[in-house]
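Visitor: I would like to go through this structure with you, beginning with its aromatic rings. Could you guide me?

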Amino acid sequence: MRKSFVAGNWKMHGTQQSASALLSNIITDSASLKDACEIAVFPPFVHLPLCQTQLSQTRIRYGAQTLSEHPDGAYTGEISASMLRDLGCRYVIIGHSERRQYLNETNALIAKKCISAVNAGLVPILCIGETLHERENALMLSVVQEQLEVVAILKDNCTAFHEIVIAYEPVWAIGTGLSASPEQAQQVHAFIRSSLMEIDSVLSEQTRIVYGGSVKPNNAKALFEMEDIDGALVGGASLDAKNFITIAKACE
Ligand code: PGA
């Protein structure tokens with residue numbers, strides 16, 4: 001049985017004060033949440049110490065939005081996997097489409113980042129998904145398949161490769177208010193699960209494949225009813241505790 005997972009990607013939002021208040025509200029609102037759904041938040045790096053202080057006695061997990069592929073060294077401005085572990089992170093988002101698009105992150109770099117994360121004991125949330133142009137040109141499944149090669153590289157390099165989360169996030173659905181329909185998402189999720197089967201059968205069975213792209217309280221339930229959708233990576237709606245917890249409740 002895969003435990004559902006709802007993660008909030010805060011992106012580059014929040015002051016210490018607003019981040020702390022959001023964490024407090026999520027703690028309060030999550031009290032009524034059943035154990036069937038795991039929740040996690042992903043604030044900017046600078047707010048991770050707040051998570052360590054405020055979330056340590058709660059069931060809410062947290063992580064970072066990216067990390068360096070290097071374990072340590074002269075890499076000005078970078079943050080390593082072990083630094084994130086030191087702050088109590090369990091997860092790290094890797095390969096988000098905004099980083100692929102604006103920071104030129106390639107599948108090769110993303111694979112290195114996943115290896116660094118796993119080697120330090122972090123669980124990578126590998127983001128994959130096609131652009132509108134790729135979908136319209138029938139390249140959707142081949143792009144997703146290519147992005148999944150990262151998982152095969154991870155398997156070849158790490159013995160502890162079994163614990164990962166995949167986030168299917170069609171680029172055209174992110175921040176646009178235009179979510180994929182449950183059927184559109186399920187089609188790709190089922191494809192991802194069958195592609196994982198070719199890499200490793202246990203991985204295919206165990207891996208949570210979450211959907212991301214304009215998930216809101218009003219569309220979450222229909223998405224979660226799909227067989228291969230195990231939760232969500234939520235952007236905009238995760239900046240409001242009530243919306244975020246309402247989405248998590250839809251997952252129970
Ligand atoms: P969104 O973002 O929910 O605002 O569309 C999702 C994401 O980028 O992870």
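Guide: Certainly. In this predicted model, Arg208 lies over the face of Phe5, with 4.8 Å to the ring centre.

Visitor: Which ring does Arg90 lie over?

Guide: Arg90 lies over the face of Tyr91, at 5.3 Å from the ring centre.

Visitor: How many aromatic pairs does the structure hold?

Guide: The structure holds 3 aromatic pairs. One of them joins Phe5 and Tyr91, whose rings are 4.8 Å apart centre to centre, with 35° between the planes. This pair counts as tilted, because that label covers planes that are neither under 30 degrees nor over 60 degrees apart.

Visitor: Which parts does that pair tie together?

Guide: Phe5 belongs to strand β1 (residues 4–9) and Tyr91 to strand β4 (residues 91–94), so the pair links parts that are 86 residues apart in sequence.

Visitor: Is Phe5 buried or exposed? And what about Tyr91?

Guide: Phe5 is buried, with a relative accessible area of 0%. Tyr91 is buried as well, its relative accessible area being 0%.

Visitor: Which residues form the aromatic cluster with Phe5?

Guide: Phe42 and Tyr91 form one aromatic cluster with Phe5.

Visitor: Changing topic: how many disulfides are there?

Guide: The structure holds 0 disulfides.

Visitor: Why does Cys37 not bond with Cys251?

Guide: The sulfur of Cys251 is the closest cysteine sulfur to that of Cys37, but the distance is 4.4 Å, too far for a bond. A disulfide requires sulfur atoms within 2.5 Å. Cys37 is buried, with a relative accessible area of 0%.

Visitor: And where is the closest cysteine sulfur to Cys158?

Guide: That sulfur is in Cys114, 8.9 Å from the sulfur of Cys158, which is too far for a bond. Cys158 is buried, with a relative accessible area of 4%.

Conventions. Residues are numbered from 1 along each chain as its sequence is written. This is a predicted model: local features need pLDDT of at least 70, side-chain atom pairs count only at pLDDT 80 or more; totals for chains, interfaces and linings use all residues. Side-chain values use heavy atoms; hydrogens and water are left out. Rings of Phe, Tyr and Trp (its six-membered ring) pair if their centres lie within 6.5 Å; planes under 30 degrees apart count as stacked, over 60 as edge-to-face and the rest as tilted. Helices (H or I, at least four residues) and strands (E, at least two) are DSSP runs, numbered from the N terminus. Buried means under 20% relative accessible area, exposed over 50%, partly exposed in between (1.4 Å probe, protein chains only). A charge sits over a ring if NZ of Lys or CZ of Arg is within 6 Å of the ring centre and within 35 degrees of the ring normal.
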